[in-house]
Amino acid sequence: MEQSKCDWKEIARFFLINLLGSYCYAMGVHIFTTPYQIAPGGVTGLATMINFLWGLPIGVMTFAINVPLLILSWIHISRQFTIRTAISTALLSICTDLLVIWMPQYPSTSALAPLLASLFGGILMGIGNGLVYMGNSTTGGTAIVGALIQKRFPQFSMGKLLTGANMLIVIASIFVFGNIDSAIFAGICIYISGLVMDRLVYGMNINRLLFIISDQSSAIENRILQDLHRGVTVLKGEGGYKHSQKNVIFCVVSKSQFHKVRKLTMQVDPGAFIVGCEAGDVLGRGFRHLD
């Protein structure tokens with residue numbers, strides 16, 4: 001019974017966050033990118049060009065283009081991934097063609113209107129993509145294409161594959177819309193969308209990776225364990241000048257704890273050497289679950 005409740009909560013959360021993400025993405029398309037002939041990459045960009053040429057609904061075409069990709073995904077990637085992606089794609093199509101059409105489109109009142117449309121369209125689409133991703137799904141399109149290619153050619157990174165696919169669509173938009181400006185604004189939209197998505201997915205949970213070298217490493221280690229309740233790993237190191245043996249404390253802390261670690265380290269050993277950098281995605285005990 002308890003397991004059934006958890007399943008229903010998970011299903012409800014999946015639908016809610018994907019609906020919200022799809023709605024935000026559809027707002028970006030309907031309000032900002034479509035009126036200014038901006039093809040914002042991916043399947044949505046293809047659907048936007050088809051809508052311009054033949055007047056077919058963007059949402060319907062987005063789903064139609066995704067159907068063969070979903071079939072390939074079912075065969076070559078995984079059934080769970082395909083089902084989740086199919087649901088997200090259907091929600092996006094419904095939002096695009098039915099749920100956001102009542103909203104007014106951004107009016108063309110100044111020469112800066114296309115630029116502003118690409119910026120705000122990219123922001124909304126980045127938020128939408130980020131929410132869908134946080135809901136353990138994707139909106140299909142180039143994400144499926146990239147996954148399929150990467151499975152066959154694992155030496156290519158997913159980021160480069162998606163960038164390449166989007167570039168082809170942006171270049172195609174030059175010939176469809178008959179002007180280079182559309183491609184420039186599409187590139188801006190894609191770039192802003194990626195930045196916003198990364199900030200939404202990773203920026204709210206940026207952790208800090210720390211290396212601490214000190215002759216008082218044991219005392220610092222104990223302070224981190226007792227005061228912050230964070231685990232540490234002690235690595236064995238050797239100084240390059242005197243070749244003396246040193247302990248190197250390795251630990252990952254939250255953004256808010258970084259300054260606390262630095263402060264307590266300085267209290268124990270003012271001469272300690274500290275190296276800190278961002279750790280964008282941390283999985284494991286005390287952070288995000290591995291699943």
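**Helices, contacts and salt bridges in a predicted model**

At 28% relative accessibility, Leu119 is classed as partly exposed. The value comes from a predicted model. Leu119 belongs to helix α5, which covers residues 113-134. Beyond its neighbours within four places in sequence, Leu119 contacts Ile188 and Ile192. Its C-alpha atom is 9.4 Å from that of Thr33, although 86 residues separate the two along the chain.

The protein chain contains ten helices and four strands. Read from the N terminus, the order of elements is α-α-α-α-α-α-α-α-β-α-β-β-α-β. The chain has 291 residues, and 42% of them count as buried. Among contacts with a separation of 6 or more, 73% join residues 24 or more positions apart. The exposed area of the chain is about 16400 Å². Carbon and sulfur atoms contribute 65% of that area.

Helix α1 spans residues 2-33 and includes Ser22. Ser22 is buried, because its relative accessibility is 1%, under the 20% limit. The Ser22 side chain comes within 2.8 Å of the backbone oxygen of Asn18. Setting aside residues up to four places away in sequence, Ser22 touches Ser88, Leu91, Leu92, Cys95 and Val132.

Helix α2 comprises 13 residues, 42-54. At 1.5 Å a residue, the expected span is 18 Å. The end C-alpha atoms are 19 Å apart, so the model agrees with the expectation. The buried residues of α2 are Gly42, Val43, Thr44, Gly45, Ala47, Thr48, Met49 and Ile50. Gly55 follows the helix and has a positive phi, near 75°.

A nonpolar patch lies on the surface. It covers about 540 Å² and is formed by Phe63, Val67, Ile71, Trp74, Ile75 and Ile83. Helix α3, residues 58-76, supplies the largest share of the patch, with five residues. Ile75 sits in this helix. Its relative accessible area is 57%, so Ile75 counts as exposed. An α-helix has 3.6 residues a turn, so residues three or four places apart point the same way.

Backbone geometry gives two further sites of interest. Most residues other than glycine have a negative phi. Asn136 departs from this sign, with a positive phi of about 60°. Asn136 is placed in the loop between α5 and α6, the latter at 142-152. It is partly exposed, with a relative accessible area of 45%. His229 is likewise not a glycine, and its phi is positive, near 55°. The loop between α9 (217-228) and β2 (233-238) holds His229. With a relative accessible area of 66%, His229 is exposed.

Side chains of opposite charge can pair when their charged atoms come close. The model contains two salt bridges. One of them joins the side chains of Lys246 and Asp215, with an N to O distance of 3.3 Å. This pair links distant parts of the chain, 31 residues apart. Lys246 lies in strand β3, residues 245-254. Asp215 lies in the loop between β1 (207-213) and α9. The relative accessibility of Lys246 is 30%, so Lys246 counts as partly exposed. Asp215 is exposed, with a relative accessible area of 66%.

A salt bridge also connects the side chains of Arg223 and Asp227, at 2.8 Å from N to O. Both residues are in helix α9. Because they are four residues apart in that helix, about one helical turn separates them. Arg223 has a relative accessibility of 26% and counts as partly exposed. Asp227 is also partly exposed, with a relative accessible area of 40%.

Terms used
Residues are numbered from 1 along each chain as its sequence is written. This is a predicted model: local features need pLDDT of at least 70, side-chain atom pairs count only at pLDDT 80 or more; totals for chains, interfaces and linings use all residues. Side-chain values use heavy atoms; hydrogens and water are left out. Helices (H or I, at least four residues) and strands (E, at least two) are DSSP runs, numbered from the N terminus. Buried means under 20% relative accessible area, exposed over 50%, partly exposed in between (1.4 Å probe, protein chains only). A polar contact is a pair of N or O atoms within 3.5 Å; within protein, one must be able to donate a hydrogen and the other to accept it, and residues adjacent in sequence count only if both atoms are side-chain atoms. Contact means heavy atoms within 4.5 Å. The expected span of a helix is 1.5 Å times one less than its number of residues. Patches are made of residues with over 30% relative accessible area and no salt bridge: like charges are joined within 9 Å, nonpolar side chains (Val, Leu, Ile, Met, Phe, Trp, Tyr) within 5 Å. Accessible areas come from the Shrake-Rupley method with a 1.4 Å probe; for residues, only the protein chains shown count as cover. A salt bridge is a side-chain nitrogen of Lys or Arg within 4 Å of a carboxyl oxygen of Asp or Glu.
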